[in-house]
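Here are my notes on the model you passed along. Have it open next to you as you read.

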Amino acid sequence: MRSLVSIVFLLCWSCSEASTPAPTDYAKLQSAFNKASALWESKGSKTYSMKYRVSCFCPEEYNQPVMVDVVNAEVKCAVYAKDADRSGNAKYNGTIERMMSMVEEAIKNEACEIDVDYDPVLGYPSSVYIAVSCGMSDIPSYYISDVSLGKHGHACKTHKRHGARMLLIAATVGVVLLAIIIAATVMVVRCRHRVSTESVTKTVGNAKYLNLQEETVEVDVDMKKSPVV
């Protein structure tokens with residue numbers, strides 16, 4: 001019986017130990033950030049293109065990969081990578097610089113949980129997970145990839161093509177609507193003309209009928225006035 005109680009105690013103790021998160025080593029996080037930040041800054045480029053993705057329990061458009069063009073550390077264009085025709089502008093306005101600032105702020109304020117991976121060549125944060133407070137749920141994870149320094153234009157070109165396509169569609173719809181309006185106007189005019197013609201014809205016919213009736217009445221009156229031979 002004692003051995004059984006001991007086994008149960010050991011199992012419960014091991015479960016409690018496994019559920020307790022390891023303390024965050026902020027000094028190690030700061031060191032990794034400083035190294036990555038210096039590497040990124042050494043590239044000296046604030047103009048680049050990248051692919052960005054967020055993973056969270058959010059509406060679908062927020063989880064779609066986004067192609068981003070950044071010029072002078074500001075987002076110039078952002079389009080959905082898989083379905084650029086669906087929307088000219090994706091819901092994203094972040095940059096690598098802003099992501100780096102977010103990580104630095106989390107380390108400085110000793111967020112409950114910080115998990116960051118950095119690109120070994122360029123130094124930008126390739127994946128970021130930050131839980132500001134312990135016990136938080138539905139915490140998004142951020143992913144950055146396909147970074148090309150000194151280059152931009154893919155997202156903007158796609159955005160321009162999308163804009164031109166939308167203008168073409170709008171122009172086509174406008175032409176079709178105009179054609180429908182013209183056709184409807186012609187039909188209304190023809191219908192009114194037909195009604196008017198039928199009305200005139202009917203009026204003339206009624207007049208002829210009335211004249212015929214009047215002539216018939218006059219003949220009858222004359223016949224009644226004429227003496228019988």
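The points below go from the overall fold to the disulfides, one helix, the strands and the aromatic rings.

1. First, a reminder that this is a predicted model. The chain has five helices and six strands, and read from the N terminus the order is α-α-β-α-β-β-α-β-β-β-α. So much for the parts list; the rest is about how some of these elements meet.

2. Some totals for the chain. Of its 229 residues, 26% are buried. The accessible surface is about 16,200 Å², and carbon and sulfur atoms account for 60% of that. Take the contacts between residues at least 6 apart in sequence: 57% of them join residues at least 24 apart.

3. On to the cysteines. Searching the whole structure turns up two disulfides. One is between cysteine 56 and cysteine 58, with 1.8 Å between the sulfur atoms. Its S-S torsion is about -130 degrees, so this disulfide is left-handed. Cysteine 56 counts as buried because its relative accessibility is 16%, under the 20% cut-off. Cysteine 58 has 33% relative accessibility and counts as partly exposed.

4. The other disulfide joins cysteine 112 to cysteine 134, again with the sulfur atoms 1.8 Å apart. Here the torsion about the S-S bond is about 95 degrees, which makes the disulfide right-handed. Cysteine 112 sits in the loop between α4 (96-108) and β4 (113-118), while cysteine 134 sits in the loop between β5 (125-131) and β6 (141-149), so the pair ties together parts 22 residues apart in sequence. As for exposure, cysteine 112 is partly exposed at 23% relative accessible area, whereas cysteine 134, at 60%, is exposed.

5. Now α4 itself. Does the length of the helix agree or disagree with what its residue count predicts? It agrees: the 13 residues of α4 should span 18 Å at 1.5 Å a residue, and the end C-alpha atoms are 18 Å apart. Just after α4 comes glutamate 110, which has a positive phi, near 55 degrees.

6. Which residues of α4 are buried? They are Ile96, Glu97, Met99, Met100, Val103, Ala106 and Ile107. As a general point, an α-helix has 3.6 residues a turn, so residues three or four places apart point the same way. The buried residues of α4 pack against α2 (26-43), β1 (48-55), β4, β5 and β6.

7. Valine 116 is worth a look while you are in this area. This residue is in strand β4 and is buried, with a relative accessible area of 13%. Leaving aside residues up to four places away in sequence, valine 116 touches Val103, Pro125, Ser127 and Val128. Val103 is one of the buried residues of α4. Valine 116 also lies 9.1 Å from alanine 32, C-alpha to C-alpha, with their positions 84 residues apart in sequence.

8. Strand pairing next. β1 and β6 run antiparallel and are joined by seven bridges; tyrosine 52 has isoleucine 144 in β6 as its bridge partner. β5 and β6 are antiparallel too, joined by three bridges. Serine 127 has tyrosine 143 in β6 as its bridge partner, and Ser127 is also among the residues that valine 116 touches.

9. Last, the aromatics. The whole structure holds three aromatic pairs. In one of them, tryptophan 40 and tyrosine 48 have ring centres 5.5 Å apart and planes at 80 degrees, so the pair is edge-to-face. Both tryptophan 40 and tyrosine 48 are buried. Tryptophan 40 also pairs edge-to-face with tyrosine 124, at 6.4 Å centre to centre and 80 degrees between the planes. That second pair links distant parts of the chain, since tryptophan 40 is in helix α2 and tyrosine 124 is in the loop between β4 and β5, 84 residues apart.

10. How do these rings fit together? Ring pairs link Trp40, Tyr48 and Tyr124 into a cluster. Tryptophan 40 has 3% relative accessibility, so it counts as buried. Tyrosine 124 counts as buried as well, at 5% relative accessibility.

Conventions: Residues numbered from 1 in each chain as written. Predicted model: local features only at pLDDT ≥ 70, side-chain atom pairs only at ≥ 80, totals over all residues. Heavy atoms only, no water. Disulfide = S-S within 2.5 Å. Buried < 20%, exposed > 50% of the residue type's maximum accessible area, 1.4 Å probe, protein only. Helix = DSSP H or I, 4+ residues; strand = E, 2+ residues; numbered from the N terminus. Contact = heavy atoms within 4.5 Å. Areas by Shrake-Rupley, 256 points an atom, 1.4 Å probe, with all protein chains shown as cover. Expected span 1.5 Å × (residues − 1). Pairing = 2+ DSSP bridges. Phe/Tyr/Trp six-rings, centres within 6.5 Å; stacked < 30°, edge-to-face > 60°.
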